[in-house]
Amino acid sequence: MLEFKQVSKVYESNKGIYDCSWKAKKGEITGILGENGCGKTTTFRIILGLQNLDSGCVLYEHQEIRKLSMKKFGYVPEHCSLYQDVRVDELLVLIARIKGIKAEKVNQRIDEWLNYFELIRYKYKKIRELSKGNQQLIQLICGMIHEPEILILDEPFNGLDRNHQKQVIDLLHQIKRKCVILVSFHQYELMHRVCDRIIEMESGRVKGEKILCGV
């Protein structure tokens with residue numbers, strides 16, 4: 001279980017998050033919803049260890065999250081951050097090795113992911129030769145290839161068509177028993193298809209929490 005306990009982080013602009021408490025657990029997909037500036041990005045940066053706290057604590061399995069190996073995390077940013085002039089296979093080999101996948105398993109793992117998203121024919125193409133939607137799928141693979149324990153997806157459906165949206169949603173529901181999944185997105189119509197639990201933020205505070213039925 002991932003726990004936010006009375007977490008605050010305030011910037012000079014007075015923006016940030018204030019006294020936020022919530023929990024996310026394996027077996028559920030937790031959505032972090034809110035308008036731009038509500039605190040979603042600060043929340044994710046704190047979990048990933050990119051931002052210090054002013055007060056409170058963040059725990060994973062009762063351990064301070066800052067003590068965890070980064071190999072336990074998977075992160076997909078909102079905007080495409082892929083190197084454009086490398087081949088798909090070169091990028092995925094690099095990410096897989098950084099994330100600790102054994103050398104003898106790397107190629108098998110890459111092919112499994114590319115086949116799942118029907119991207120195997122692009123394996124030796126440069127990233128810049130792929131469409132926006134296919135680049136987003138590669139970015140998703142980069143975040144999930146090592147089977148992280150904590151998976152953070154920031155607007156993961158950007159640029160994806162309906163078929164690929166369904167593929168990603170189906171996959172998340174397949175793996176949610178094995179990891180904590182946090183998702184933020186602005187497509188509110190997808191909310192009931194993706195999430196089991198919603199944490200709504202407004203002006204840096206937790207406005208409410210809702211459990212969704214029929215997911």
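These exercises work through the sheet, its helices and the salt bridges of a predicted model.

**Exercise 1. Find which strands stand at the edges of the open six-stranded sheet, and say why one side of each is left without a neighbour.**

Step 1. Write down the strand order: β6-β7-β8-β3-β9-β10. The pairing is mixed.

Step 2. Look at the ends. β6 (73-76) and β10 (205-211) stand there, each with a single partner strand, so one side of each has no neighbour in the sheet.

Step 3. Add the twist. Ignoring direction, neighbouring strands in this sheet are turned by 15 degrees against each other on average.

**Exercise 2. Describe how β6 pairs with β7, and name the helices that lie on these strands.**

Step 1. Take the pairing. β6 and β7 (residues 150-154) run in the parallel sense and share four bridges.

Step 2. Pick one bridge. Gly74 has Leu151 in β7 as its bridge partner.

Step 3. Add helix α4 (residues 132-144). This helix packs on the sheet and touches β6 and β7. Its direction makes about 165 degrees with that of β6.

Step 4. Add helix α1 (residues 40-47). α1 lies across β3 (29-33), β6, β7, β8 (180-184) and β9 (197-202). Its angle to β7 is about 155 degrees.

**Exercise 3. Locate the two ends of the salt bridge between Arg128 and Asp85, and classify each residue as buried, partly exposed or exposed.**

Step 1. Check the distance. The closest N and O atoms of Arg128 and Asp85 are 2.7 Å apart.

Step 2. Place the residues. Arg128 is in the loop between α3 (103-116) and α4. Asp85 is in the loop between β6 and α2 (88-98). The pair links distant parts of the chain, 43 residues apart.

Step 3. Classify. Exposed means over 50% relative accessible area. Arg128 has 48%, so this residue is partly exposed. Asp85 has 53%, so this one counts as exposed.

**Exercise 4. Show what the salt bridge between Glu209 and Arg197 ties together, and name the network it belongs to.**

Step 1. Start with the contact. The closest N and O atoms of Glu209 and Arg197 are 2.8 Å apart.

Step 2. Place the pair. Glu209 lies in strand β10 and Arg197 in strand β9, so parts 12 residues apart in sequence are tied together.

Step 3. Compare burial. Buried means under 20%. Arg197, at 14%, is therefore buried. Glu209, at 44%, is partly exposed.

Step 4. Extend the view. Through shared partners, salt bridges join Glu28, Arg197 and Glu209 into one network. The whole structure holds 12 salt bridges.

Note on methods. Residues numbered from 1 in each chain as written. Predicted model: local features only at pLDDT ≥ 70, side-chain atom pairs only at ≥ 80, totals over all residues. Heavy atoms only, no water. Pairing = 2+ DSSP bridges. Axes fitted to C-alpha atoms, helices over the stretch in contact; angles between N-to-C directions. Contact = heavy atoms within 4.5 Å. Salt bridge = Lys/Arg side-chain N within 4 Å of Asp/Glu carboxyl O. Buried < 20%, exposed > 50% of the residue type's maximum accessible area, 1.4 Å probe, protein only.
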